[in-house]
Every structure is written in C-alpha cells, then in structure tokens.
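Take a look at the structure below. We will start with how its chains meet, then move in on one residue.

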There are 2 protein chains.
Amino acid sequence: MNTRRFSKDTFEKLKNKAQKTLHRSLDQHIKLAVTGFSGSGKTAFITALIKHLTTQADKQNLPFFDVAREQRLIAVKAIPQRALDIPTFDYNCAVNSLLANPPSWPSSTQRINTLTLALKFETRNALKQHLSPISTVYLELIDYPGEWLVDLPMLNQDYQTWSKEVLTLLKQPQYIDYAKEFLTAVDTFDSDAVVDETILKKLSEQYQRLLLSLKQHTKVAQLQPGRMLIPGDLAGAPILLFFPCDGVMTVSGETQYMHLEARFNAYKQQVIGPFYKQHFCQFDRQIVLVDILSALADGPDTLREQEQALRNIVDVFDYGKSNMLKRLFYPKIDKVLFAANKCDHVSYEQQPQLAKLLHSMVHEKSNDLRFAGVEIDTMAVSAVQSTQQTQVVESGKTLNCIVGKPIDEPHQITFLPPQPPTHCLSKEQWPEQGFDFLSFAPLPAKCGNLSHVRLDHVLQFLLGDKLR
Amino acid sequence: MNTRRFSKDTFEKLKNKAQKTLHRSLDQHIKLAVTGFSGSGKTAFITALIKHLTTQADKQNLPFFDVAREQRLIAVKAIPQRALDIPTFDYNCAVNSLLANPPSWPSSTQRINTLTLALKFETRNALKQHLSPISTVYLELIDYPGEWLVDLPMLNQDYQTWSKEVLTLLKQPQYIDYAKEFLTAVDTFDSDAVVDETILKKLSEQYQRLLLSLKQHTKVAQLQPGRMLIPGDLAGAPILLFFPCDGVMTVSGETQYMHLEARFNAYKQQVIGPFYKQHFCQFDRQIVLVDILSALADGPDTLREQEQALRNIVDVFDYGKSNMLKRLFYPKIDKVLFAANKCDHVSYEQQPQLAKLLHSMVHEKSNDLRFAGVEIDTMAVSAVQSTQQTQVVESGKTLNCIVGKPIDEPHQITFLPPQPPTHCLSKEQWPEQGFDFLSFAPLPAKCGNLSHVRLDHVLQFLLGDKLR
C-alpha cells in the first residue's frame, strides 16, 4: 500500500463523509400503517397527521407530543417514496377539501397508498448527540383498506372451515334477507358434479353482489374475500370466482368442489400472501381506526360483530408471533393503536367512555400479543375536529352538548349526544331508544389551520420513542 | 420389501394407471399468444378461432387444416384455465355480437386474457398410435395488448438512449403539432435541479396525455411506456411518473434526472420484466395481427412507422435467442406468424399483394430469427369475413369489386378497392390519390356459422405439427 499524505482539507472532507455515513446508519426508517374500514376516516386522519407535522407542529398545538413540546422538531417535509409501484397518497387534494369553505371530508381511497415524510429533529439521545445533535426519521405512511386486513385470517383457514364460518354468518337474522337468494342457490349447487365453469361463474358473481350489498346496507365487517369488493386488475380472473359452499371433499375426479378449493387456495397464495409478506410483515407500527359510533347507532348485533372483527384483527397481529422460529415471515409490528375516531361526535365528558368501550372490546383478546412484547393502546380521538363543546342549562340542569354542522344540513345545530356505554351491551341491556348519533362535517379551518382532538397523544404513542 | 401377490384385477388397474400416466406425458400443452395493436382485430380473431374449432371444424370449412381435412379432429372444448390470476377471455359475449343480427365487431379487451381449449384427435404418429390412437392437445390462448409488446425493446435500453429515441420520434413533422406543448415544457425542465415531485408529476401527466392523444389521432405504434395507456392498478404510482428528457447524468446529489432514471429502471424491472419472464418467455407460438390497410390509408409516414414497429417486434422475438446461454430467460417461441388481418377489405386478386407487402416489411429483419430456428410466415387473412367478392363490367372492362356493409352506413355497397402496393413506398412513390380503404361490418352469420378467409392456413401453420 502507498503511504499518502493528506492535506488538512482532504482530511476534513473524509471526516465529514465518515460522519455522514454514520449518521445515515443512525437515521431511522419507520413504516406506519393506517387502516380501518371504509367510513372510519383513514384519509382524513393521514391528511391531518401530515398537516400538523408539516405546518402546525408547535407546542401549543401538539402539547403531548414530546418532540413538539420540547421544541426539538426542526422541520418536516414530504420526500419521494421508496416503493415506486404503489400510488402516492394525494395529500393536496385531501387537504384542500378540509381547508375549503365550506369544508368537506376528503373522498376515500380504494387501494393501498403511501407517502413518506422526513422528520428532522434535535436529539436528546446521548450517543446520537455525541455524533450530531440533529437526526432524521423517515416516516413512511401506508394507507390500506381494512378489507385487506379482514382477509388475513383466511391464511389460517382451509376452504371447508372458511365456508362453514361464512355460511353461518350469512344465516344470521340481520343478514338473511340479503343472503336468502344466494343461500338457496348454493343449496341446490352440486359440488360433486364435474366442473361447469358457467355455474361457478354465475354463483361467484351472485356471491360478489351479496358482499357488495352487505357492505352498502349493513355494518358487517367480515366480508371475505376482500378483493371481491375492490377487484382492480383481478376483475374477471378465476382467482376471484369462488364462494362458500357446504360440500365435502370427495376423493376422485375433478369436481366443482375441488375447483372452488383450488381457487380459494390460489387467492390465499397469490393475493393475501404477497400483501402479507411484502407489506403487512414490514410494518413497524399500526393504527386501526374504528368508527364505533356508527356501530352503536346500528344496534347490538353490529357492535358485537365489530368486536369480533377487532378480535380477529388482534389475532392477525399475533399471527406467527408465538412461533416465530417456525415461520419465514411474521409481523414485526411492535405497537398497535386502536383509535375510536370522530370522538368529538360525543361530548368531552363522554369521550373517555368511548375509549373504555373500545378497550373492553380488544383488551382480553390482546393478552397474548402483549406477552409477545407488542404494546397496545386504545384512544378516543378526532383527527379532524368537527364539533365544539358547549353547555346548555335546561330546567336548572347543565347539559354537556356539542355544536356542529350535520352533514347534508345547511346550518349548525346544538346537539345533546346519547351516553355511550363503557362495554359491549347485550341485546337485553340495549337501551330502548338506541344510540342516535349524528354525522358532522369538519369544522372550518382557522387561518389555514386544522384542529384535532388528541392527535398529539396518537403521535406520541406511535412515534415518541423514535424521536428522542 | 414385502413380496405381494396381485389379483388380476389389481394388475389391470395398475396397467391402466401406467398407460394413463404415459398418455398424459404425451399430451401436449401449447401456449399460443395472440397480439396486435388496438384495431387489428385480436378479439374477433380469437373468437373466430374458438368458434371454428369447437363447432365448425369440418373438412369443407377448414380444408387446409390437416387434422380437419383428414377428419381426425374428434372434439374441441373449452376447459378451466391453469393461470387463475388472469381474466378469462369472454367468448360468449364476443361470439354473440358476431352472430347477432345485424352483427357487429366485438368490443376490444384492454388487458391480458386467456382461454384454454382441449383438442381431442386421432393421431397419425406411429409411437403415439401404438399406445393409443387418441391424443389430446391443450391449447392455451393468450390475448395481450400489442402495447405491451412495444415495451419489450425498452429492456435493452437505458434511460438516456430511450429518451433520445422518443424525443426524436416526437419531433417528426406528423407528430409535432400534438407534441409541441410537451416538448416546450420538457425544454425548460431543469433535470439537474433537486427533486420536485410536483414538477415530475405534472410533466409525466402531460406526457401521458400526449401518448393518449397520439394513440387516438395517429397510427403511431411506438408509444412507450405502454402502461401509461392502460395503467390499471398502477394508476398514480411513481413507476408510471416518468417522461423522456434530454438531460445528462450528473455525478453528485439527488437530481430530478436521477429520479426519472430510477423510475424508468423500476418500470423495466417491475412491469416489463415480469411480463417478459412470466408470459412472453413461456409462449410456444405467436401470431401478430397487423392492420396494414389502415396504415396504407393513413399515408407513407404511418406505413414506414408500422414497418419500424414490426422490425422492433422481430427483434424482441430474437432477444436472447442468439446468446441463450448467457441468459436465464429467453423466448421459447418457435413459430411466429404475421397476419395482415381484414384482407377481404381488398379484392381476392389483391390479397396476395397484401401478404407480399407484409412480407417485405419483416423479411429482411427476420433473417437472424430464422437462423436461430424460428419459423416465420406472413399471410393475408380475415378471421371473420366481412365482404364478398363480385365482378362489375364497366366500359367493357371487368373490375374485381367487393360487396359489404360499411361500418356506420345502413346498407351494403359495391366497392372497388384501391390496388395495395407490394412493398413500402417512399413519399415520392406514393400515389397522389392515396389508398382509400373502407371499414366493413362483419357479414351476417349463416345458420349460426361464421365464415373466414384462410383461417385454416393459420391453424395449420400454428398447430398442424402438433396434431399429427
């Protein structure tokens, strides 16, 4: 090797380069997944998160978000995303509809979307600080339909088990009216017969129509397979042409049953599998937005089903955690937040009750997950505020009310929301008058600023530890 | 090991099973790919092929198709496809529009489609016949947009070469009016600047609009990237947000140029690559349908470009053939047919001239491919007949005319088509009156039967050797 003499200048350059490399290795990349069923407010949540981080990240606005309270957040900006084959979250369009006058909820997205933010902050971490007082965290937001999450439990099922479960669900009194026609058709379906593609196609399309009408008219969460609701490039492919049926496996020949089973398995391997491996298993943190008020407004069956759907979701996060060594792929998520969104549709005093109700729905089931080292929390939040609190005195009694503009009504009203329960009520316990919540439009922005309820708590739980 | 005694019955069963296994290994699976640019008649071609094979495969109808002439074709039927994630070709819908009264051309498909036929036939092959006189060939038809084929040459290009080629094309006099606005925008684009996603998105969308308008208003074949025309699930993804630009590679920093280059490479790897490996390299036979009459009607520039596009396609089939050992994936296609479709839009005597013209456009270029052992042929065909021949005597001269119903006209007319050239004419050679061909509707079916011109020749070339 040659011995070479460096000028002071060259040495400085090298030192800088070495420091840069080191910093880069200390910079963190966080994949934060945002999901929820349609209507839970995913688009508005992500929009609010970006808006508050990029232009409203001060200690007055985000007092419970350490890095903001301690005034260590230097700047946040959107940067080009890594995954080039995923559509970019259309922030401009969404934020414009929230900032418009009058404001409106942004239109929902149907597929997976992403956007990456770079968060530059002053570090408190001794080791990091020794190297440089400034760190960068790359926050990759991934927005995906809750319908895809609902598909994941199918990975643990075979076609027979799945069929049984779906048919049981469809026979429940609140769905039977929608499902009657399909159930009759599937009853007369001969699963032992030789394959007739026309029959399989016809029944699959009937099942798809049933799923779409259940999605439209009921609050049922477990609609499988989820891609039947949003087929995209798979429209018309045999992989989406299956349905649940009662038949059993026969040994010989190519029966219709075998065909349906093959398609079910192909759907697991070619649709759910890639989403699981390429996306789900890569997430670091997950927030699940829940529209619990709509479920309450719908009645005891819907609330019970939402509970079941949330428990299935907890199972999915746990999937493989317990026997990691046996699996090639398992989720690396270490924090999951269940958030009852639109919490300002009830009065301020009632909001903790919402959080309690959500907590009661997921807590017991999430024990294993906690044991596996995953932090779980439940909160009541409003990513975008849509009402203001007010007090009304009636017959000498002070009532905690909310003021807001109901969607599709021209003017603001003052509204006394019903008292939400703190746990899942049975049919017998359900109050006769039900839970008559209203849907409100977003509050008009003030000087281009959005307001929120507990978004800073959300940020602290999901990102606080990475911004020290 | 145990010695076991078999009953005669068991022995027969085993023998049968062994024979079945042997037969199955002799059964052949052929992937026949059908492509062409929109308007070349892909859907009608596949529909006619299925119709003639399944219900009209007699020696009167298909005299040049050996297996039909020799009356060895026992039966043909559609069977479930292997690839479950590809939409099924909608034969019923397409055949119904051809059989309707009045008939119409089926609507074109936008993506890849497939359908599998099982052809059961009496074999002439001595070895096969010894085992069983009856064989089955599984014919997998794959219909994909010519736009995807046009993307394949990009695999051999880098971003700089590609940009140069596209910009040169856009500056040609016949496109400049459409491209002016984009070219001006790209001229003022600063490829050395730091990345501004908004600018990249805006220019990409402008380029996409340009491609769409060129597709609509001109006959230019080389519109790259092809997925910009049919984005499907990739709509809005950065992988489709690039455009050709004149910049050069600079060494330092993350410039806009580097970003465009990265997206170009991602498109090659994540969009073209999978199509190439999973589909294109698996095809056994390929037919390329060419709408040569529209190109003639359009003028000398369009014909010249069609020639260039066809030559690029020949290159694609040759891609890797010459250095197979160096490549993991290379096309296994051993027969390629270029077919001038809708040949009955000219008179019977003129049809060989069409075939000659097409031959002159691909022959020279295809030398290497022939050398690599690929059979290439050119034909003039009409998958679905749309005119009938007639003779008209005018001023003592007999004229070969055609009778048919022009699209969008209510009645049949008798038409004297212009004489097509037998080779690519230069601008100077181009006749002053041009080539004024008409578009005709399909002929009404007779007793539910379609008629064709030389579809039997096509079948014999593409499948004859497999049905011996």
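Start where the two chains touch. In this predicted model, 100% of the interface residues of chain A are interface residues in chain B as well, so the copies meet through the same surface.

Now try to lay one copy on the other. Chain A fits onto chain B with an RMSD of 0.0 Å. The move takes a turn of 180 degrees and a shift of 0.0 Å along the axis. That is how a two-fold axis relates its copies. Which residue of chain A comes closest to the rotation axis? A:D233 does, with its C-alpha at 2.9 Å.

How confident is the predictor? For the complex, it gives an ipTM of 0.71 and a pTM of 0.80. Chain A has a mean pLDDT of 89. In that chain, 90% of the residues reach 70 or more.

Next, move in on one lysine. A:K51 sits in helix α2 of chain A, which covers residues 42-55. Is A:K51 buried or exposed? A:K51 is buried. Lys counts as positive, yet A:K51 has no salt bridge. Why not? A salt bridge needs a side-chain nitrogen within 4 Å of a carboxyl oxygen. The nearest side chain of opposite charge belongs to A:D58, and it is 9.8 Å away.

What does the side chain of A:K51 join instead? A polar contact of 2.9 Å links it to the side chain of A:T55. Now set aside the neighbours within four places in sequence. A:K51 is then in contact with A:Q56, A:Y91, A:V95 and A:L99. Its contacts also include A:G448, A:N449 and A:L450.

Notes. Residues numbered from 1 in each chain as written. Chains lettered and ligands numbered in written order. Predicted model: local features only at pLDDT ≥ 70, side-chain atom pairs only at ≥ 80, totals over all residues. Heavy atoms only, no water. Helix = DSSP H or I, 4+ residues; strand = E, 2+ residues; numbered from the N terminus. Buried < 20%, exposed > 50% of the residue type's maximum accessible area, 1.4 Å probe, protein only. Polar contact = N/O pair within 3.5 Å; in protein donor to acceptor, adjacent residues only side chain to side chain. Contact = heavy atoms within 4.5 Å. pLDDT = per-residue confidence, 0-100. Least-squares fit on C-alpha atoms with pLDDT ≥ 70 in both.
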